[in-house]
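Colleague: Got a minute to walk me through this one? I'd like to talk about the metals and the DNA.

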2 protein chains.
Amino acid sequence: MVYKHKDIAEKLIDRHIKPSFHRIKVLEYLMANRTHPTAEQIFACLKKELPTLSKATVYNTLKLFVEAKLAREITIEDKEIRYDYTIENHGHFKCESCGTIFDFKINVDDCITEELDDFVIKDKNVYFKGICPRCFSNT
Amino acid sequence: MVYKHKDIAEKLIDRHIKPSFHRIKVLEYLMANRTHPTAEQIFACLKKELPTLSKATVYNTLKLFVEAKLAREITIEDKEIRYDYTIENHGHFKCESCGTIFDFKINVDDCITEELDDFVIKDKNVYFKGICPRCFSNT
DNA sequence: ATATAAATCTATAATCAATACAATATAGCA
DNA sequence: TGCTATATTGTATTGATTATAGATTTATAT
Ligand SMILES: [Mn+2]
Ligand SMILES: [Mn+2]
Ligand SMILES: [Zn+2]
Ligand SMILES: [Zn+2]
């Protein structure tokens with residue numbers, strides 16, 4: 001899928017973020033690469049195209065996006081934060097063999113008790129780990 | 001609850017871990033403090049009682065425990081790993097205001113689809129974030 | 001009991017993602 | 001054009017975790 005810069009800029013404006021060129025490029029990357037990349041991966045890839053890009057900008061931009069709910073952080077591994085453009089509720093499965101993070105449908109609201117009735121829930125994450133079918137069949 | 005060192009040693013032997021004095025103390029701490037402490041917190045507290053204790057020993061010991069499924073890692077925050085003696089499936093809610101991590105009952109198996117049927121699931125974590133009732137009423 | 005080997009522990013250095021910060025560049029506007 | 005606020009850069013720093021090597025304790029054998 002290819003996104004027009006104008007449309008991406010509009011998404012940023014909707015969230016009251018000024019659509020600078022770098023911000024558009026980072027958001028474009030997230031929209032086009034639904035692989036739950038790390039800040040490092042985003043930086044390395046965009047750096048080729050934008051030689052002056054700074055790592056700090058990538059970190060700053062991603063933090064902005066998360067605050068604006070344009071992206072979500074995946075902390076399935078303590079080592080590194082991964083970023084997901086898809087906000088809608090879904091779970092993440094990380095294959096311990098190949099490292100791939102898969103999405104899966106889940107509706108946790110269906111299985112929580114009234115225990116949390118008085119809690120203000122702002123963020124929900126479901127993280128599974130194990131072996132993916134491809135890695136499992138290669139053993 | 002107070003635990004006897006002999007009983008704790010047995011738990012370690014069951015998992016094929018030699019029950020050294022320091023290992024017993026760390027496990028005792030985890031059993032007595034179900035507050036999801038960090039390695040740093042465990043170290044700081046035990047250090048008072050065991051002046052020669054090294055931070056590396058705490059880290060090594062915790063890693064051993066996790067591998068042996070005597071404890072589980074909570075990576076709800078990317079900043080730090082927290083440790084939980086309670087293995088049985090339950091969710092974690094972190095209050096963004098006071099930092100407390102609450103346990104809650106949840107059975108995710110009830111709400112996953114057949115999407116993951118071919119995946120080998122070794123670890124399941126449910127992390128919620130928001131504001132706890134106490135902090136909410138103090139605003 | 002003493003020697004030898006193995007396991008455990010300590011202390012310190014190294015790692016590395018993330019953050020802080022100060023300097024520079026850019027964009028929007030009078 | 002200049003002014004001001006915002007965005008970006010480059011680098012220094014942080015801080016949790018890991019690696020490593022030597023010291024100490026524990027176990028085993030003679
Ligand atoms: Mn996802
Ligand atoms: Mn818990
Ligand atoms: Zn895999
Ligand atoms: Zn609270």
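Modeller: Sure, we can take the metal sites and then the DNA strands.

Colleague: Before that, what am I looking at, and how is everything numbered?

Modeller: This is a predicted model, where local features need pLDDT of at least 70, side-chain atom pairs count only at pLDDT 80 or more, and totals for chains, interfaces and linings use all residues. Residues are numbered from 1 along each chain as its sequence is written, chains are lettered from A and ligands numbered from 1 in the order in which they are written, and side-chain values use heavy atoms, leaving out hydrogens and water.

Colleague: OK, manganese. Which residues coordinate the manganese ion (ligand 2)?

Modeller: Chain B provides B:His36 (NE2), B:Asp84 (OD), B:His90 (NE2), B:His92 (NE2) and B:Asp103 (OD), at 2.0 to 2.3 Å. Donors here are N, O and S atoms within 2.8 Å of the metal (3.2 Å for Na, K and Ca), and water is not among the atoms, so sites may look incomplete.

Colleague: And how are those donor residues spaced in sequence?

Modeller: The pattern for ligand 2 is H-x47-D-x5-H-x1-H-x10-D. B:His36 sits in the loop between α2 (21-32) and α3 (39-49) of chain B, while B:Asp84 is in strand β2 (residues 82-84), so this pair ties together parts 48 residues apart in sequence. Helices (H or I, at least four residues) and strands (E, at least two) are DSSP runs, numbered from the N terminus.

Colleague: Are B:His36 and B:Asp84 buried or exposed?

Modeller: Both B:His36 and B:Asp84 are buried. That means under 20% relative accessible area, with exposed being over 50% and partly exposed in between (1.4 Å probe, protein chains only).

Colleague: Now zinc. What holds the zinc ion (ligand 4)?

Modeller: Its protein donors are B:Cys95, B:Cys98, B:Cys132 and B:Cys135, each through SG, at 2.2 to 2.4 Å. Along the chain they follow C-x2-C-x33-C-x2-C.

Colleague: Why is the arrangement around ligand 4 called tetrahedral?

Modeller: Because the four donor atoms subtend angles of 105 to 118°, and four donors count as tetrahedral if all angles lie between 85 and 135 degrees. B:Cys132 counts as buried, at 2% relative accessibility, and B:Cys135 is buried too, at 13%.

Colleague: Switching to DNA. How many residues surround strand C?

Modeller: 16 of them, and the closest are A:Ile81, B:Lys18, B:Ser20, B:Thr52 and B:Thr57. A residue is near a strand if one of its heavy atoms lies within 4 Å of it.

Colleague: What part of strand C is within 4 Å of the protein?

Modeller: Of those strand atoms, 84% belong to sugar or phosphate and the rest to bases. A polar backbone atom of A:Ile81 is 2.7 Å from a phosphate oxygen of strand C, and one of B:Leu53 is 3.4 Å from a phosphate oxygen. The side chain of A:Lys63 has an N or O atom 3.5 Å from a phosphate oxygen of that strand.

Colleague: And what about strand D, which residues are closest?

Modeller: Strand D is surrounded by 17 residues, with A:Ser20, A:Arg23, A:Thr52, A:Thr57 and B:Ile81 the closest. Sugar and phosphate make up 81% of the strand D atoms within 4 Å of the protein.

Colleague: Where does A:Ser20 touch strand D?

Modeller: A polar side-chain atom of A:Ser20 is 2.5 Å from a phosphate oxygen of strand D. On the other chain, a polar backbone atom of B:Ile81 lies 2.7 Å from a phosphate oxygen of strand D.

Conventions
A polar contact is a pair of N or O atoms within 3.5 Å; within protein, one must be able to donate a hydrogen and the other to accept it, and residues adjacent in sequence count only if both atoms are side-chain atoms. Four donors count as tetrahedral if all angles lie between 85 and 135 degrees; four count as square planar and six as octahedral if opposite donors are over 155 degrees apart and all others between 65 and 115; anything else is irregular.
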